[in-house]
Amino acid sequence: MQLAYSLSRLGVEHAALSADDAPGGMFRKWPLFQRMLSWTKPYTGFQPGSREFERHDWNSLAGDEPAHRGLMASVMDGTSYFPSRPEMQRGLELFGERTRLQVRYGCRWEATRKDGDDVVLTTSDGEYRAPRVVFAVGVAEPWKPPIPGLEHAAQYGELRPVETYADRRIFIIGKQNSGFEIASGLLPLARQIILASPSSTKLSVNTHSLVGVRARYVQPFEDSVLAGGVVILDASIEGVKRTADGYDVRVRTTADKPLQFLVDDVIAATGFTTPLRDLADLGVKTFGQSGLPAQTYFWESISLRGIYFAGTINQGSKGLMKHGIPSNSGAVQGYRYNARVLARHLAELQGQTLDRPAIAADEVIPTLLREARYGPELWHQRSYLARVISFHPDRGILDEGVLPLMYFLDNERFDGAAAITLESNGHEDLYPVVYVRHDGKVHETRLADDPFLNFETVQHRTDLAHALEPFLSPSLSRPRT
Amino acid sequence: MAGQELADTIAGFALFADLSTPQREQVVDVFSEQWFGDGEKVLRQGLSGSGLYVVLDGAAAIRIDGVDRATLRAGDYFGEISCLLGEAPTADIVAMGSLRCLVLSSSQVESFLKSNPSVMYRLLQGEARKVRTTTKWLS
């Protein structure tokens with residue numbers, strides 16, 4: 001929806017197809033326990049509809065006008081800052097209505113072929129042909145690893161009514177968010193819950209990123225430490241067998257110790273996969289258990305030109321992975337900006353010349369620092385999206401807008417330009433980083449972090465002015481009067 | 001590629017040769033898998049934020065100041081020096097064709113090596129070979 005909207009606003013002719021009957025198909029089904037992991041904070045000091053508000057709103061699609069931004073705040077009932085599943089669904093419907101988004105619903109993609117430079121889609125509504133096709137088909141098909149007997153286990157999404165798990169011993173295979181979501185949901189009912197997978201669980205509050213189990217689902221940890229009703233194991237699962245009255249689960253710990261569990265239920269929270277149909281046969285390389293397509297920083301398949309991706313599949317493009325932290329492209333607050341950048345990229349590939357407004361020399365430092373403090377693209381896509389300003393002897397100073405940082409770093413077109421990002425190293429507060437491309441080399445300058453997240457201080461101006469000395473007079477670091 | 005298949009693949013790599021099957025599965029779980037397109041930079045000379053990379057498939061050039069110095073292939077690893085020293089990489093690593101790697105962030109390298117001493121020993125052997133090569137080259 002975000003990409004179709006952004007393409008429309010740029011005047012790029014396109015067709016948007018959806019197998020669903022209405023907007024928000026995925027959110028008519030997931031999450032299982034009916035409330036999102038991502039928040040929309042109602043009271044921020046900024047009005048919904050402002051760019052500044054988007055930093056605190058992880059769920060709305062990003063419109064160009066205030067009336068199309070921050071819509072989730074208007075559909076939530078205020079009982080939680082995590083929207084319920086129906087609220088998320090309503091927010092997407094509202095965006096579609098307000099923006100008069102043109103989508104052909106009930107049209108199923110069935111097959112794909114290349115015909116010269118074109119990609120041809122066979123759909124339930126006939127053939128569509130285009131030089132570039134963007135697939136935004138989600139990562140929501142449950143996946144099971146080839147563990148003997150795992151076919152007996154219920155999958156995320158196949159659970160019985162929650163009350164039927166009362167007083168039962170439940171073995172959950174998988175220790176990521178879906179496993180802990182199920183464990184959290186069953187905590188008030190189950191007699192015992194065992195969560196197992198080979199690797200130790202990371203927590204988002206420790207990684208300072210979306211990597212790891214989110215704080216909302218941490219309660220089973222506390223139970224495991226304080227009460228013993230939950231067992232959390234680092235172990236590989238060797239097999240699952242049906243018994244007369246339940247299941248026999250055999251595991252081997254990472255210390256090579258075999259263990260046996262007799263339980264009443266086994267649930268496979270073993271992740272999700274990407275429904276790419278025949279794209280792998282055409283040459284799209286995929287990786288990982290989710291079968292994500294390997295993508296460039298502009299979300300094009302690295303192995304098949306003309307095939308692009310949008311939405312949560314964008315997590316296949318991890319970016320620089322600075323300090324091990326990937327992009328936030330798997331979540332709405334990350335991929336809504338990817339889609340906007342992708343729309344501009346596709347418009348340029350079609351021959352459009354996009355507006356790059358001129359910017360006065362004394363506006364450069366305030367603009368970059370304000371972006372670091374409030375720019376939602378930088379906040380949500382750390383080390384991935386950057387605000388770029390280029391300096392030209394003949395054309396002056398141009399605002400290049402928001403671009404993938406890797407594109408800036410590795411593209412000679414930006415020699416004579418600067419980019420600002422927000423970054424995190426996983427243990428300190430986040431901080432702005434300025435990259436300056438000059439004479440064929442890239443220089444990186446870390447600006448100071450700030451406990452109030454204010455990156456517009458005198459110190460920030462001075463440090464940024466120093467980094468920009470190849471392009472700007474140091475006197476421009478002074479605040480304007 | 002599913003985790004078990006990856007665990008089998010790395011069984012053939014010197015770095016992980018001493019690990020049991022559950023330990024190799026844990027490696028596959030702790031590391032993440034990443035693809036790079038032809039010509040894409042994996043690490044950038046002088047820029048902060050490294051990681052330990054193990055080549056699964058494909059090849060990569062070690063490029064210093066724009067000059068290719070060596071080629072990395074399946075089973076080779078890179079980035080370990082900048083992780084251990086906490087410094088920026090001293091070379092660009094550039095994919096030669098499609099490149100597939102396992103990646104461990106620099107912040108996790110210490111705890112990973114301490115909890116997998118056999119990998120630490122194998123890595124030390126690799127570093128010793130590099131020192132020996134450099135010493136021969138200097139003499």
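Is C83(B) buried or exposed? I looked this up in the predicted model. C83(B) has a relative accessible area of 11%, and the cut-off for buried is under 20%, so C83(B) counts as buried.

**Cysteines**

I searched the whole structure for disulfides and found 0 over all chains. For C83(B) I then checked the nearest cysteine sulfur, which belongs to C101(B) and lies 13 Å away. A disulfide needs the two sulfur atoms within 2.5 Å, so I record C83(B) as being in no disulfide. I made the check from the other side too: for C101(B) the nearest cysteine sulfur is that of C83(B), 13 Å away, and C101(B) is in no disulfide. I noted the accessibility of C101(B) as well; at 0% relative accessibility, C101(B) is buried.

**Helix α10 of chain A**

I compared the span of α10(A), residues 361–374, with expectation. At 1.5 Å a residue, its 14 residues should span 20 Å. The end C-alpha atoms are 21 Å apart, so I entered this as agreement. I also listed buried residues in α10(A): V364(A), I365(A), T367(A), L368(A), L369(A), E371(A), A372(A) and Y374(A).

**Helices α1 and α2 of chain B**

I took the axes of α1(B), residues 3–10, and α2(B), residues 21–30; they come within 9 Å and cross at roughly 110 degrees. Because of that angle, I put α1(B) down as roughly perpendicular to α2(B). The crossing of α1(B) past α2(B) is right-handed. For the contact I noted G3(B), Q4(B), L6(B), A7(B) and I10(B) on α1(B). On α2(B) the contact residues are R24(B), E25(B), V27(B) and V28(B).

Definitions and conventions: Residues numbered from 1 in each chain as written. Chains lettered and ligands numbered in written order. Predicted model: local features only at pLDDT ≥ 70, side-chain atom pairs only at ≥ 80, totals over all residues. Heavy atoms only, no water. Buried < 20%, exposed > 50% of the residue type's maximum accessible area, 1.4 Å probe, protein only. Helix = DSSP H or I, 4+ residues; strand = E, 2+ residues; numbered from the N terminus. Expected span 1.5 Å × (residues − 1). Axes fitted to C-alpha atoms, helices over the stretch in contact; angles between N-to-C directions. Parallel < 35°, antiparallel > 145°, perpendicular 65-115°, else oblique. Left-handed = near helix turned anticlockwise from the far one by under 90°. Contact = heavy atoms within 4.5 Å.
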